[in-house]
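Grab a pencil and have a go at these exercises on helix packing and a pocket. Try each task before you read its solution.

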Amino acid sequence: DLHKAIRRQRQMCIRDSSERAKQLGIRMAALAPDSADADSLDLSRLLGDPLPAPDIMCQIRILLIFIAESCLHLYTPTPLLATTAANALYDKLIEDDPGFYDTISNGAAFSFYYLALRHSGKADENIGATFAMLCGAEEDQALADLGARVYQYVTRKIRGLIGEIQFAEVC
């Protein structure tokens, strides 16, 4: 009957969008400042040569995952799909790099970054200043500028990536 067909179609639509969100989250988990895979953001231009010290690279990776999570919640069409993608991101991090997952889940970096986003002024400058502070160099304008540039560039890239995914608008 027609109602069953509509219900079945809606369930398939929801499943398809949910699977796309999971795949997006898995892709976001692979974000790393020195990644060379197909989904690489190619941060080499921003980071320079030689690459920053390992502790700075770790902070950049933390920033990348923060940007991914915040973009998922800002630009994914529904809260349910955003949560599905974020859960997949963290599940993949736990599977692939439990030590790094522990670092971000036990640290305060995300709290500081969310406060920076909510603070008045330009989000990228606030994120940059927070990045420098988390690197232990609050007065280092070059680090603040790096954090701001990474935030701008990666936010633009992830927003575009999310926009390319054909999530079903109405199921």
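Below are three exercises, each with its solution worked in steps.

This is a predicted model, so local features need pLDDT of at least 70, side-chain atom pairs count only at pLDDT 80 or more, and totals for chains, interfaces and linings use all residues. Residues are numbered from 1 along each chain as its sequence is written, and side-chain values use heavy atoms, with hydrogens and water left out.

**Exercise 1.** Work out how helix α3 lies against helix α4.

*Solution.*
- Start with the geometry: the axes of α3 (residues 54-75) and α4 (residues 79-96) come within 8 Å and cross at roughly 155°. Axes are lines fitted to C-alpha atoms, for helices over the stretch in contact, with angles from 0 to 180 degrees between N-to-C directions.
- That angle makes α3 roughly antiparallel to α4 (the term is for angles over 145 degrees).
- Next, handedness: α3 passes α4 in a right-handed crossing (the near helix is turned clockwise from the far one by less than a right angle).
- Now the residues: on the α3 side, Arg61, Ile65, Ala68, Glu69, Leu72 and His73 make the contact, and α4 brings Ala82, Thr83, Ala85, Ala86, Leu89, Tyr90 and Leu93 (contact means heavy atoms within 4.5 Å).
- Sorted by class, the contact has 9 nonpolar, 2 polar and 2 charged residues.

**Exercise 2.** Follow α7 and find how it packs against α6 and against α8.

*Solution.*
- Take α6 (residues 109-118) to begin with: its axis and that of α7 come within 8 Å and cross at roughly 150°. The two helices are therefore roughly antiparallel to each other.
- Ala109, Phe112, Tyr113, Ala116 and Leu117 of α6 meet a set in α7 that includes Ile127, Phe131 and Leu134. This contact has 10 nonpolar, 2 polar and no charged residues.
- Then turn to α8: α7 packs on α8 at an angle of about 130°, with the axes 7 Å apart. The pair is therefore oblique, and the crossing is right-handed.
- In that contact, α7 uses residues including Ile127, Gly128 and Phe131, while α8 offers Leu143, Leu146 and Tyr151, among others.

**Exercise 3.** Which residues line the second largest pocket, and which helices supply them?

*Solution.*
- The lining consists of Glu125, Ala129, Thr130, Met133, Glu138, Glu139, Asp140, Gln141, Ala144, Asp145 and Ala148.
- Map these to helices: α7 (123-134) and α8 (141-164) each supply at least two residues of the lining.
- By class, the lining splits into 4 nonpolar, 2 polar and 5 charged residues.
- Finally, the volume of this pocket is about 150 Å³.

Terms used:
Helices (H or I, at least four residues) and strands (E, at least two) are DSSP runs, numbered from the N terminus. Angles under 35 degrees count as roughly parallel, over 145 as roughly antiparallel, 65 to 115 as roughly perpendicular and the rest as oblique. Ala, Val, Leu, Ile, Met, Phe, Trp, Tyr, Cys and Pro count as nonpolar, Asp, Glu, Lys and Arg as charged, and the others, Gly among them, as polar. On a 1 Å grid over the protein atoms alone, a cavity is a set of points where a 1.4 Å probe fits but cannot get out, and a pocket is an open set with protein on both sides within 12 Å along at least five of seven lines; lining residues have an atom within 4 Å of a point. Grid points are joined across faces, edges and corners, and a volume is the space filled by probe spheres set on the points.
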